[in-house]
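Trainee: Got a minute to go through a model with me? I'd like to start with how the chains meet.
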Amino acid sequence: MAAARPAAAALTPAELGVLLDRAGLTLNPGQVADLVLVWRQLAGMVAQLPRDRKLADDQAYVFRLPVPDATPRHAAPRLAAPRLAAPRLAAPRPAAAKPPARPRAKRPPAAKKKR
Amino acid sequence: MTPLTIAEAARLIAARKLGPVELARELLARIAALDPVLNAFITVTERQALTAARAAERQLAAGTKHRLLGIPLGLKDIYETAGILTTAHSRLLADNIPTTDAETVRRLRAAGAVILGKLATHEFAIGGPALDLPWPPARNPWDPKRFTGGSSSGSGAAVAAGLVLGATGSDTGGSIRLPAAYCGIAGLKPTPGLVSRRGVIPLAPSLDTAGPMAWTAEDCAILLETLAGHDPADPASVAAPRVAYATGLGASLKGLRVGVLRRFFERDAPATPETLRLMAETERLLRALGCVVETVEPPPLADYNAVGRVLICAEAYALHEARLKTRLADYSRAFRVRVLGGALLTAADYIAAQRRRTELIAATAALFARHDILLSVPTPGAAPLLTEQRPDDGFARPFLTTAANVAAVPSLVVCGAFTAAGLPLGVELMGRPWDEATVLRVGHQLETAAGTRARRPQVAIE
């Protein structure tokens, strides 16, 4: 099984303050104490979750879209055809085979200009 | 009058030996007498109930037949009801009156059921019994000093005390099955997608299910026949085939293969000696019914619990994020303790939990390759005292019930036995996805073999 993450270190008050500010929460001291208690337990659970996975092993969000129906019962209203059709891109032509290189005819040397 | 089951009342009503109005009046009187002790109800809808009961009588006279016609039910107060207060047991919704019924409520009303009222819950279906809310927590009819279990706390209490013949609940980490266990009734968490969640106030959408609670597994099956079914307006609803769950409950169990999740209740969340004796007896009863029973080895309970807690915390926090910033003090302490941790989780934590969930779903499915039912217990022991409840329950020790939520399988709790002190103990039966029929069949026959259904709590009127 993929390796779990080491247990999260306990949050310092300063760290907790930064996280709460980021979350937009304002807690009184009692509420902070409750959160610290629960976070210790929740962080332990987070640490149990495997983290070290191959990049190809993504199974998290498998979802299946419904198969398109040829005769939908509740067909969405059809969109009007656009007035200005987007220019169609020409299909790329396959590259033509290059003709064999011809030997270039030698040019006579250019006359030097007198300055 | 000894409270009736739904099946018994339906037979009497169909035979014209009992009228819906008579039955509704009797239960309303019972509620008036006992609910001051039990606090099972947030709202009693007496006038609407009697109107519905009269309508049921007219339908009967016209020849309409339905097993729920005239049957009095209660709704967990997270099920939206048109024109009727729906509070989620929270100060934040103290004045909330929806304009439409939840889809499940619509189906129950269409079947002729009589809604007696809205039932207590833990705030927004999470948290625990709280004394800092406008309504007190529900109390256990077997001993009012004890916890009902939650979050469908009022549903468990009302069914056990015979204030309603059936109720709706919701289950995200055990919220139908825990009160079913502590209150000695039957409660079914269905496969996700079987029962519409439209109009049911959510907690953690990855895990939320809506389901029935009643005195017996048979009654849960009768309720499920009406509750289940595709709802095109619920994106999580699945078009599963319609099943007659209440038919064939007595069919033979010979050869059915039962896998016992022994490590859950012997090592991971050790059960009390009385619960262990219950499990030994349950295995014996199942063998006597023809089942093949053997031990199976699931992944550790802590793995299921870690996934469940992280998902619930993250999703519940996301749902309530805006209000937690502006109305923090209006939530109960129990809610804050169980949800605020979600503010500290990272997106990577959440994705790690979802990935691990996928593995646990596959690992649980592998157990069903050789077994038809997985057997466990929903709680280590009987209902604890209300005063022993801690806001951080669920974090401090794992919930046995969360495994079925994470694994996305149906799970039924039925009453298996009583402790020496007279408190109920539940057993938990999990099935393959969409196989509620087998789970209910085994639960029904186990209840009958255990002989627990003749014993009702005696609630002393203060």
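Trainee: Which side chain of chain A does Arg333(B) meet in a salt bridge?
Mentor: Arg333(B) pairs with Asp34(A), at 2.7 Å from N to O. A salt bridge here is a side-chain nitrogen of Lys or Arg within 4 Å of a carboxyl oxygen of Asp or Glu. Keep in mind that this is a predicted model, where local features need pLDDT of at least 70, side-chain atom pairs count only at pLDDT 80 or more, and totals for chains, interfaces and linings use all residues. Side-chain values use heavy atoms, without hydrogens and water, residues are numbered from 1 along each chain as its sequence is written, and chains are lettered from A and ligands numbered from 1 in the order in which they are written.

Trainee: Which helices does that pair link?
Mentor: Asp34(A) is in helix H2 of chain A, and Arg333(B) is in helix H11 of chain B, residues 333-339. Helices (H or I, at least four residues) and strands (E, at least two) are DSSP runs, numbered from the N terminus.

Trainee: How many salt bridges are there between chain A and chain B?
Mentor: The count between them is 2, while the structure holds 27 over all chains. There are also 3 residue pairs in polar contact across the interface, both residues at pLDDT 80 or more. Polar contact means a pair of N or O atoms within 3.5 Å; within protein, one must be able to donate a hydrogen and the other to accept it, and residues adjacent in sequence count only if both atoms are side-chain atoms.

Trainee: And what gives the most to chain A's side that touches chain B?
Mentor: H2(A), with 11 residues. That side divides into 18 nonpolar, 6 polar and 6 charged residues. For those classes, Ala, Val, Leu, Ile, Met, Phe, Trp, Tyr, Cys and Pro count as nonpolar, Asp, Glu, Lys and Arg as charged, and the others, Gly among them, as polar.

Trainee: Switching to the sheet in chain B. What's the strand order?
Mentor: E1-E3-E2-E4-E6-E5-E10-E11-E9-E7-E8, an open sheet of 11 strands with mixed pairing. Two strands pair if DSSP finds at least two bridges between them.

Trainee: Which strands stand at the edges?
Mentor: E1 (41-44) and E8 (292-295) of chain B; each has a single partner strand, so one side of each is left without a neighbour in the sheet.

Trainee: How many bridges join E7(B) to E8(B)?
Mentor: There are 4, and the two strands run parallel. Arg257(B) stands opposite Val292(B) in E8(B).

Trainee: Last topic, backbone oddities. Where's the cis peptide bond?
Mentor: Between Gly150(B) and Ser151(B), with omega about 20°. Ser151(B) sits in the loop between strand E3 (114-119) and helix H5 (153-160) of chain B. Also check Asn39(B), a residue other than glycine with a positive phi, near 55°. Asn39(B) is in the loop between helix H2 (20-38) and E1 of chain B.
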